[in-house]
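Me: Could you take a close look at the ligand site in this one for me? Once that's done, carry on into the rest of the chain and walk me through the residues worth a glance.

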Amino acid sequence: MSEAKRLAAEKAIEYVQKGMIVGVGTGSTVAYFIEALARIKDQIEGAVSSSEQSTAQLRSHGIEVLDLNHTGGLSLYVDGADECDPHKNLIKGGGAALTREKIIAEASRQFVCIVDPSKQVQVLGRFPLPVEVIPMARSLVAREIVALTGGQPVWRDGVVTDNGNLILDVHNLSITDPVKLEQQLNQIPGVVTVGLFARRPADVVIVGGQPPQVL
Ligand code: 5RP
């Protein structure tokens with residue numbers, strides 16, 4: 001699948017315009033995008049990064065990483081996903097970067113999501129849904145998720161997010177109303193971010209292949 005990821009990432013470069021500050025996601029697909037961005041780094045003003053991992057890769061290429069508080073809204077955000085449905089709703093957070101990813105997606109006029117074909121599903125939920133939680137609320141949130149969804153939250157042991165929080169991965173969901181579930185989970189005290197991107201889905205999905213498919 002890595003060739004499909006690379007092809008999706010290369011296609012996304014067509015959305016980058018001269019003078020832009022580019023929002024950059026996290027993950028192995030985005031890593032290909034950063035490599036492609038490095039080739040045209042003289043044409044962009046810099047990047048806003050969604051993780052320490054992407055920041056390190058961007059800086060290793062001499063791409064300036066800027067603070068979202070200083071840039072204001074962005075024209076473009078490019079990121080991967082763990083699952084994508086036909087309405088461009090996403091599950092994200094496999095790399096535990098969901099909170100900063102959701103912030104940058106919200107701040108951006110256009111969200112281009114780059115995936116390989118294995119990420120396409122009819123109904124979200126086969127991939128366990130990541131939820132970032134405040135550490136002291138881990139058990140409380142897990143109990144409330146069971147009561148609300150019937151899904152099974154599993155603590156991603158050993159993982160601490162860039163924000164110092166924990167991740168619960170919720171298994172056995174079939175998410176037929178992602179906007180509603182995103183809102184309901186967001187209401188639980190202790191939940192920082194739900195890895196459902198439905199209230200603000202992707203605008204464009206690029207599925208890597210020969211040729212890439214633009215949805
Ligand atoms: C990180 C993410 C990633 O976009 C998602 O996990 C996809 O990763 P990859 O491109 O490695 O398949 O949401 O939090």
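Reply: Here is the ligand site, followed by the domains and a handful of individual residues. Keep in mind that this is a predicted model.

Let's start with the shell around the ligand. It's made of 17 residues, and the closest are S28, T29, D82, G93 and K119. By type, the shell splits into three nonpolar, eight polar and six charged residues. Now for the polar contacts. T29, already named among the closest residues, has a side-chain N or O atom 2.6 Å from an oxygen atom of the ligand. K5 also comes in through its side chain, with a polar atom 3.1 Å from a ligand oxygen. T26 uses its backbone instead: a polar backbone atom there sits 3.1 Å from an oxygen atom of the ligand. As for how covered the ligand is, on its own it would expose 370 Å², and the protein buries 91% of that.

Zooming out, where do those residues sit in the overall layout? The chain divides into domain 1, covering 1–120 plus 200–214, and domain 2, covering 129–195. So domain 1 is built from two stretches of sequence, by that assignment. K5, for one, has a number that falls in the 1–120 stretch of domain 1. The C-alpha centres of the two domains are 24 Å apart, and at the boundary 15 residues of domain 1 are in contact with 17 residues of domain 2.

For a residue on the domain 2 side, try T161. You'll find T161 in the loop between β8 (152–155) and β9 (166–171). Despite the loop address, T161 is buried, because its relative accessible area is 6% and the cut-off for buried is under 20%. Its side chain makes a polar contact with the side chain of E132 at 2.8 Å. Beyond its sequence neighbours, T161 is in contact with A96, E132, L166 and I167. A96 is worth picking out of that list, since its number belongs to domain 1 while 161 belongs to domain 2.

Back in domain 1, S108 lies in strand β6, which runs over residues 108–115. S108 counts as buried, because its relative accessibility is 5%. Its side chain reaches the backbone oxygen of I104 at 2.7 Å. Further off in sequence, S108 touches L74, L76, Y77 and R200. R200 sits right where the second stretch of domain 1 begins, so that contact ties the two stretches of the domain together under the 4.5 Å criterion.

Next, L90, in strand β5. L90 is buried, with a relative accessible area of 0%. Its contacts beyond the sequence neighbours include A81, E83 and C84, along with F111, C113 and L124, and then G195, L196, F197 and A202. For a sense of spacing, L90 and G80 are ten residues apart in sequence, and their C-alpha atoms are 9.4 Å apart in space.

V205 makes a good companion to L90. V205 is in strand β12 and counts as buried at 0% relative accessibility. Among the residues V205 touches are C84 and C113, and both of those also turn up in the contacts of L90. The rest of the V205 list is K88, V115, Q213, V214 and L215. N165 is another matter: 40 residues away from V205 along the chain, with 29 Å between the C-alpha atoms.

Finally, some backbone geometry. K88, which we just met as a contact of V205, sits in the loop between β4 (83–84) and β5 (90–91). Its phi is near 70 degrees, a positive value in a residue other than glycine. N172 does something similar, with a positive phi of about 65 degrees although it isn't a glycine. N172 lies in the loop between β9 and α7 (178–186), and it counts as exposed, because its relative accessibility is 58%. The last stop is a cis peptide bond, running from Q210 to P211 with omega near 5 degrees. P211 is in the loop between β12 (204–207) and β13 (213–214).

Terms used:
Residues numbered from 1 in each chain as written. Predicted model: local features only at pLDDT ≥ 70, side-chain atom pairs only at ≥ 80, totals over all residues. Heavy atoms only, no water. Helix = DSSP H or I, 4+ residues; strand = E, 2+ residues; numbered from the N terminus. Buried < 20%, exposed > 50% of the residue type's maximum accessible area, 1.4 Å probe, protein only. Polar contact = N/O pair within 3.5 Å; in protein donor to acceptor, adjacent residues only side chain to side chain. Near = heavy atom within 4 Å. Areas by Shrake-Rupley, 256 points an atom, 1.4 Å probe, with all protein chains shown as cover. Nonpolar A, V, L, I, M, F, W, Y, C, P; charged D, E, K, R; others polar. Lists of a residue's contacts leave out its neighbours within four places in sequence.
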